[in-house]
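Me: Please give me a close look at a single part of this model. Start with the term you need, stay with the backbone pairing, then work outward to what surrounds it.

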Amino acid sequence: MAKEKVLLAYSGGLDTSVILKWLTLKGYEVVAYVANVGQDSDWDNIKEKAYKSGACEVIIDDLREEFVKDFVFPAVSFNALYEGRYYLGTSLARPVIAKGMVEAARKTGCSYFAHGATGKGNDQVRFELTAAALAPDLKVIAPWRDEDFFTVIKGRKEAMEFAAKYDIPVKATVSKPWSSDDNALHISFEAGILEDPAVCPPDDMFEYSKSPKDAPDKAEVIEIEFDKGIAVKLNGETLSPYNMLMALNKLGGENGIGRVDMVESRYVGMKSRGVYETPGAAIIMAAHRDLEGLTLDGSVLNLKEILMPRFAALVYNGYWFSHEMDCMRAMLDKSQEYVTGKVKLELYKGNVTCIGRSSDYSLYNMAVASMEDDGGAYNQSDATGFIRLHSLPLKMHASRKK
């Protein structure tokens, strides 16, 4: 009988290399799927390691533009921050990777979908909810929730011993006292010494950004142009979504922008400490929010502010491909119809300051807003009746209390 085929989300690290070998020992034929979402990786080396670990096929899928265009930029347009601070870097990467995995599984005839996410984290939920939404017939293998696996491979020490036993080519170096995960949107750090929320991250941990203390003493002024809520030009130069984000990552990193250190609420119930560097998104979102202030009606701004935490939670919890998200996206697209214009920003030692904005669709009328002679553009006496009507419920409540 032909072996059943498994598509494995593969990174080339210790865990997924061990899992790949473990799956082959279980009798599966394994296709290693490697998603390029902008992380710094040696693709040829990863491919070689996958084959040496037992893969029958290796797919390296370039998802960089799709990731930024279809996942990152919509989140930026919603001004989405999970628990008010997290730019959703890992959360947004997982659905695009899982979507690519489903498509690759179909092409390669795999009936199983496997990942190396642990049973304590959010990623297991994100991968599997995406698979359930896009390919409910695919069966899931999650080794870190399988007793046959985690009772033998209990941690890094056992994983290294397993790798040595089966000649799996992984680097047996002393790891940094934390783990990291990077993509075009951010790099995240957790575990190790960071598990104590009272411990300050060491300066040499950060990779995307300078410390604000070490950033240049002179402010850098840039201009971002938006078309329907999407950043399309930087300092007059048209850039693709991915190239736009990478250019802003560099500018933001040089100026110490985008560092976040927080304790967040995982979907699986526990609290988790994470440290993030997201310089490009911090810049785009600051500019985007400012342009919305110029071009969106106050009631639409308020509606977006009310819905944003729900949108962020859907992303964080793995529901990108849900019907509720479809409804959110439809509202988002409608809200961005007039968010077109230019925003000038000043970058300085960790700060992003908007210093000018303009739009052909501006709702700002200088004559109406002016504190000088407005030539009759606004009749101030109209406010008397306005205030009288709005004060009526307050007066009635006051009389009731008496």
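Reply: Two strands count as paired when DSSP finds at least two bridges between them. Keep that cut-off in mind for strand 12, the part I pick here. The model is a predicted one.

Strand 12 covers residues 271-277. Is it mostly covered or mostly open? It is mostly covered, with six of its seven residues buried. "Buried" here means under 20% relative accessible area.

Take the partners of strand 12 in turn. Strand 7, residues 187-190, runs antiparallel to strand 12, and three bridges join the two. That passes the cut-off of at least two bridges. Within this pair, Ile-187 has Glu-277 of strand 12 opposite it. Strand 11 is the other partner to look at. Its pairing with strand 12 is also antiparallel and extends over seven bridges. Here Val-263 faces Arg-273 of strand 12. Strands 11 and 12 make a hairpin, with five residues between them. In that turn, Gly-269 has a positive phi of about 115°. Strands of a sheet pair through backbone hydrogen bonds, and the sense can be parallel or antiparallel.

Strand 11 leads on to helix 10. Strand 11 spans residues 259-265 and is among the elements that the buried residues of helix 10 pack against. The others are helix 3 (64-77), helix 4 (89-108), helix 5 (123-134), helix 9 (279-295) and helix 11 (323-335). Which residues of helix 10 are buried? They are Lys-304, Met-308, Phe-311, Ala-312, Ala-313, Leu-314, Val-315, Tyr-316 and Asn-317.

Now the length of helix 10. It has 20 residues, 298-317, and at 1.5 Å a residue it should span 28 Å. Its end C-alpha atoms are 29 Å apart, so expectation and model agree. There is still a kink of about 40° in helix 10, at Leu-307. The proline Pro-309 follows shortly after that kink. Just after helix 10, Gly-318 has a positive phi of about 100°.

Helix 9 takes us to an antiparallel sheet. That sheet is open, has five strands and follows the order 10-9-8-13-14. Strand 10 (237-238) and strand 14 (351-358) are its edges; each has a single partner strand, so one side of each lacks a neighbour in the sheet. Further in, strand 8 (residues 220-227) and strand 13 (residues 341-348) run antiparallel and are joined by seven bridges. Val-221 has Glu-346 in strand 13 as its bridge partner. Helix 9 lies across strands 8, 9, 13 and 14, at about 35° to strand 14. Helix 8, residues 241-254, lies across strand 8, strand 9 (230-234) and strand 13, at about 65° to strand 9.

Helix 4 takes us to a parallel sheet. It lies across strands 1, 2, 3 and 4, and runs at about 155° to strand 1. This open sheet has five strands in the order 3-2-1-4-5, paired in parallel. Strand 3 (57-62) and strand 5 (139-141) are the edge strands, each pairing on one side only. From one strand to the next, the twist averages 25°. Strand 4, residues 112-114, pairs with strand 5 in the parallel sense over three bridges. There, Val-140 in strand 5 is the bridge partner of Phe-113. Helix 1, residues 14-25, packs on this sheet and touches strand 1 (5-9), strand 2, strand 4 and strand 5. Its direction makes about 175° with that of strand 1.

One side chain in this sheet deserves a stop. Asn-36 lies in strand 2, residues 29-36. Why does Asn-36 count as buried? Its relative accessibility is 7%, and the cut-off for buried is under 20%. A polar atom of the Asn-36 side chain lies 3.0 Å from the backbone nitrogen of Gly-38. Leaving out residues up to four places away in sequence, Asn-36 touches Trp-43, Asp-61, Asp-62, Leu-63 and Arg-64.

Last, the whole chain. It has 13 helices and 14 strands. Of its 402 residues, 47% are buried. Among contacts with a separation of 6 or more, 73% join residues 24 or more positions apart. Along the principal axes, the C-alpha atoms fill a box of roughly 85 × 50 × 45 Å.

Technical notes: Residues numbered from 1 in each chain as written. Predicted model: local features only at pLDDT ≥ 70, side-chain atom pairs only at ≥ 80, totals over all residues. Heavy atoms only, no water. Helix = DSSP H or I, 4+ residues; strand = E, 2+ residues; numbered from the N terminus. Expected span 1.5 Å × (residues − 1). Bend = angle between axes of the 7 residues up to and from the residue. Buried < 20%, exposed > 50% of the residue type's maximum accessible area, 1.4 Å probe, protein only. Contact = heavy atoms within 4.5 Å. Axes fitted to C-alpha atoms, helices over the stretch in contact; angles between N-to-C directions. Polar contact = N/O pair within 3.5 Å; in protein donor to acceptor, adjacent residues only side chain to side chain.
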